[in-house]
Amino acid sequence: HHSSQTRDIDALVVGAGFGGIYQLKKFLDMGLSAKAIDTASDVGGTWFWNQYPGAMSDTEAYLYRYSWDVEDLQSYPWDKHYVYQAEVLKYLKHVVERYDLRRHMVFNTTLTDATWDYDARVWAVKTSGGTTFRARYLVTALGLLSKQNFPVISGIDSYRGEKYHTGAWPAGVSLQGKRVGVIGNGSTGVQVITEISKDVAQLYSFQRNPQYSVPSGQRAVDPEYRRRVNENYQEIWRQVKDESKTAFGFPENEDRPTMSVDAETRKEIFETAWAKGGGFRFMFETFNDISTDEAANEQAADFIKSKIRTKVKDPAKARKLMPTQMYARRPLCDAGYYEQFNRSNVDVVSLHETPIEQITPKGIRTSDGVEYELDVIIFATGFDAVDGNYTRIAIKGRDGVSLKEHWEPTGPTTFLGLAVTGFPNMFMILGPNSPFSNIPPAIDTQVEFISDVVEAAEKTKQESGKNPIIEATAKSESMWTDECDRVSRGSLFRKTDSWIFGANVPGKRHAVMFYFGGLAEYRKTLRKVAKNGWDGFTMG
Ligand code: NA7
């Protein structure tokens, strides 16, 4: 038994979530020796860590899975329109068993340091377990949303109750009959609050900015619906991947401006979407300009506000829950969020009116002197998203420059969200400036592209016996960065602070972090790159 050893392999995948699982499978299918490592004790990535009550994907179940397993798509069961965390995790485990991938995975193992060995043309990857992998290719599938964001609040360590971040939710927590404070009301906070309100003795939502949320439309799937999906799956994926921006399974509205119809028609269109359910649907299927035109945005916002007003009975609570910003963050949906505030044990504390002053041994004290005594504080405060995972670990490229240093002057830059100049033979899944869309088809797209690039590079194996090198050029990286900047310019998301533009973590640089051109357009770009002999990469 060695405490430290070196293992030579063809490819190392970091992360065993949605992206890492598929990438590992692809490498093995190509006949490469490959391993996947993960900090967690099992597979699942995001769906391993986010086991908080109410955690659910808000992509419809038939699209929240891999698109490439035709047989599994027909037979794998899903009985509700949206899948909860436990079901997503079960599905991912099922895929891992189905392809016998587990024996190529190493858990409880964190990448601590990765350095490109210029002469040997391999990545030397040190891990927490002591093993150093020497891999010709490195794929980081670290997740978009995994480095937790904790607010800086004085006294936080003095608190004597239980405290949990939703992104690292331990098994076996019971909130039954407890006094609970929830800080944060993004999509996570909204899900938690909706789920636990009925069980807790008292719930306080400590809310900075009120959010817009529409009904999810969660309900049981009837067999007829499933039969129709199964019959049309191929066509469904084609629309999702090659015709759609958001990849949520509906056609985005391309040609109907909000103001092009009269008020009554507008209301009908909103009502129809409201009844169908889904946050992305409400924002992108109804009209073509809600996320780009302020007047249009205001119409959608006013509609949702009128719904909040009817739902929340207590006028004081309703006032505090009423959004004040534009409707231009990640669109949310819920299964009865606002309704929870009609319970006598559920209240909202507006941090605009009374900011948190201190966390005390007993709970939370706000600026009006009120001390909320709490058995549990839940931090639903989100993540240092997208690049946060990359800048915390030491990945050193060709010139001994780390990824963090490479990104320091400009913000996170990539070619196509998956490659960085100076970092040969390294690919990211959902790196900065990847498409802003339903995640699994974006992952499938990137994994398949990365695998094709690697396959092409493998064909250039030199007679000298040297390992092939593939690297994005500086020019292609700056071109993609400009393109992402360009397509996001008209978006109201860019004017509204949230994690999507790096505006949720104090001190973090605001930056373009996604490609807003849509999945179909992204895939077109990838096809062009491939067709033109991997244009934008150097190979050899
Ligand atoms: P989000 O969407 O970043 O939401 C975080 C929430 O936490 C949001 O309501 C923040 O308020 C709040 N927050 C953050 N810092 C503080 C401090 N210091 N004090 C009070 N409140 C704070 O994270 P989620 O986990 O909900 O969702 C992230 C993504 O995961 C989501 O979009 C899905 O795609 C999956 P704010 O609104 O900024 O005022």
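**Close-up views of a predicted model**

**View 1. The loop that carries Thr496.** Thr496 has its place in the loop between α14 and β23. As throughout this predicted model, the values given here are computed from the atomic positions, and they put the relative accessibility of Thr496 at 3%, so that Thr496 counts as buried, the limit for that term being under 20%. A polar atom of the Thr496 side chain lies 2.9 Å from the backbone oxygen of Leu492, a separation that falls within the 3.5 Å cut-off for a polar contact.

**View 2. Aromatic rings around Tyr515.** Of the 46 aromatic pairs that the structure holds, one is formed by Trp480 and Tyr515, whose ring centres are 4.7 Å apart and whose planes stand at 35°, so the pair is tilted. This pair links distant parts of the chain, since Trp480 belongs to helix α14 (residues 474–488) and Tyr515 to strand β23 (residues 514–515), with their positions 35 residues apart in the sequence. Both Trp480 and Tyr515 are buried. Tyr515 also pairs with Tyr522, and here the ring centres are 6.1 Å apart with the planes at 45°, so this pair, too, is tilted. Tyr515 has a relative accessibility of 2% and therefore counts as buried, and Tyr522 is likewise buried, with a relative accessible area of 0%.

**View 3. An aromatic cluster.** A further view shows a cluster of residues linked by ring pairs, namely Phe18, Tyr22, Trp47, Tyr64, Tyr66, Trp68, Tyr76, Tyr91 and Tyr99.

**View 4. The ligand and its surroundings.** The ligand is surrounded by 19 residues, and the closest of these are Thr188, Arg208, Asn209, Arg329 and Arg330. By residue class, this shell divides into seven nonpolar, nine polar and three charged residues. Oxygen atoms of the ligand are approached by both side-chain and backbone atoms of the protein: a polar side-chain atom of Thr188 lies 2.6 Å from a ligand oxygen, a polar side-chain atom of Arg329 lies 2.8 Å from a ligand oxygen, and a backbone N or O atom of Asn185 lies 2.9 Å from a ligand oxygen. Taken alone, the ligand exposes 780 Å², and the protein buries 85% of that area.

**View 5. Two buried cysteines.** Cys333 is buried, with a relative accessible area of 8%, and Cys484 is also buried, with a relative accessible area of 0%. A search of the whole structure finds zero disulfides, so no pair of cysteine sulfur atoms in the model lies within 2.5 Å.

**View 6. Ser344 in an exposed position.** Ser344 has its place in the loop between β13 (332–334) and β14 (346–350). The relative accessible area of Ser344 is 77%, and because the term exposed applies to values over 50%, Ser344 is classed as exposed. Along the chain Ser344 and Leu203 are 141 residues apart, while their C-alpha atoms are separated by 9.5 Å.

**View 7. Val95 in helix α4.** Val95 is found in helix α4, which covers residues 85–98, and Val95 is buried, with a relative accessible area of 3%. Measuring from C-alpha to C-alpha in the model, Val95 and Met326 are 40 Å apart in space, and they are 231 residues apart in sequence.

**View 8. Two loop residues with positive phi.** Most residues other than glycine have a negative phi. Ala247, although not a glycine, has a positive phi of about 60°; the residue has its place in the loop between α6 (223–242) and α7 (263–276), and at 0% relative accessibility Ala247 counts as buried. Leu416 is a residue other than glycine that also has a positive phi, with a value near 65°. Leu416 lies in the loop between α12 (403–407) and β20 (426–428), and with a relative accessibility of 1% Leu416 counts as buried.

Notes:
Residues are numbered from 1 along each chain as its sequence is written. This is a predicted model: local features need pLDDT of at least 70, side-chain atom pairs count only at pLDDT 80 or more; totals for chains, interfaces and linings use all residues. Side-chain values use heavy atoms; hydrogens and water are left out. A residue is near a molecule or strand if one of its heavy atoms lies within 4 Å of it. A polar contact is a pair of N or O atoms within 3.5 Å; within protein, one must be able to donate a hydrogen and the other to accept it, and residues adjacent in sequence count only if both atoms are side-chain atoms. Accessible areas come from the Shrake-Rupley method with a 1.4 Å probe; for residues, only the protein chains shown count as cover. Ala, Val, Leu, Ile, Met, Phe, Trp, Tyr, Cys and Pro count as nonpolar, Asp, Glu, Lys and Arg as charged, and the others, Gly among them, as polar. Buried means under 20% relative accessible area, exposed over 50%, partly exposed in between (1.4 Å probe, protein chains only). Rings of Phe, Tyr and Trp (its six-membered ring) pair if their centres lie within 6.5 Å; planes under 30 degrees apart count as stacked, over 60 as edge-to-face and the rest as tilted. Helices (H or I, at least four residues) and strands (E, at least two) are DSSP runs, numbered from the N terminus.
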